[in-house]
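This briefing introduces a structure to a reader who has not met it before. Its topics are a pocket and a helix.

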Amino acid sequence: MSLLLYRENNFEKALEKLPFKDEIEVEWKSFQLDPTLNPDETKTTFEYFKEKKGVPEAQAKQMVEQVSQMGNTAGIRFNFDKAIITNTFSAHKILHLAKKYKKTNEMEEALFIAHFIEGKNVGGINTLVEIAGSLGIDTDEARKVLTSEEFDDEVKQDFSEAKSHGISGVPFFILNGKYAVSGAQPAEFFAGALQQTYDETVSTLKNLSGDDNSCETDGCSI
């Protein structure tokens, strides 16, 4: 089962409880909410809302508080007062490098913590090289990737794929290339959606093989 995923803690909670969790392949894809941001500039959360979105500070604080409350419910403590807003194209490049090392999940988690909790600039080369090194990724290679056009095409391909799916916000999920789930959802919702997708896939494989026991004897690839 391939999954286009933009971070959602409730999804992870649901997945952990499913008996077939080891048969699910999670694939991270790049997406930028605002690709127009200048990679050489940084803004606070409230500066961004005011200058780029025209949202008054009082309203922005209310919006951020709602997101923080949702995060608390999911076990995530956002620190928007420290968060640095900038262009994240380089961060997506480092994610593609992490994929080469089979450390995409670890890199995604590290970037999430760096941005939303620690208030680090995840668009900055030095920050990204440091994060890569903390995960055992060669820092010289990381710096080379970030100062060249390596992985640029892969990141842009992800952006194009998201556009073709009509994605305009995150989190966004595509289950088995078939079902789209938009927005933050309860863990129970994800568990049900994953179970339904899994059951349909197993049923399809059985029908194709003509053997009701084929998955039990040989295992199912999803």
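Which element gives the largest share of the lining of the largest pocket? That share, six residues, comes from α3. The model is predicted, so local features need pLDDT of at least 70 and side-chain atom pairs count only at pLDDT 80 or more, whereas totals for chains, interfaces and linings use all residues. Residues are numbered from 1 along each chain as its sequence is written, and side-chain values use heavy atoms, with hydrogens and water left out.

**The largest pocket**

- The largest pocket has a volume of about 1,700 Å³.
- Its lining consists of 48 residues, and L33, F112, H115, F116 and V170 are the closest to its centre.
- Among the elements that give two or more residues to this lining are α1 (9-16), α2 (45-53) and α5 (104-117).
- By class, the lining has 29 nonpolar, 13 polar and six charged residues.

**Helix α8**

- Helix α8 covers residues 152-164, and its 13 residues reach 19 Å from the first C-alpha to the last, close to the 18 Å expected at 1.5 Å a residue.
- In α8, the buried residues (under 20% relative accessible area, 1.4 Å probe, protein chains only) are D152, V155, D158 and A162.
- These residues lie on the same side of α8 because they cover an arc of only 130° around the axis.
- The face turned away from the buried side of α8 carries D153 and S164, which are exposed (over 50%).
- What covers the buried residues of α8 includes α4.
- After α8 comes G166, with a positive phi near 75°.

Definitions and conventions. 1 Å grid on protein atoms, 1.4 Å probe; cavity = no way out; pocket = protein on both sides within 12 Å on 5 of 7 lines; lining within 4 Å. Points joined across faces, edges and corners; volume = space filled by probe spheres on them. Helix = DSSP H or I, 4+ residues; strand = E, 2+ residues; numbered from the N terminus. Nonpolar A, V, L, I, M, F, W, Y, C, P; charged D, E, K, R; others polar. Expected span 1.5 Å × (residues − 1). Arc of directions from axis to C-beta. Contact = heavy atoms within 4.5 Å.
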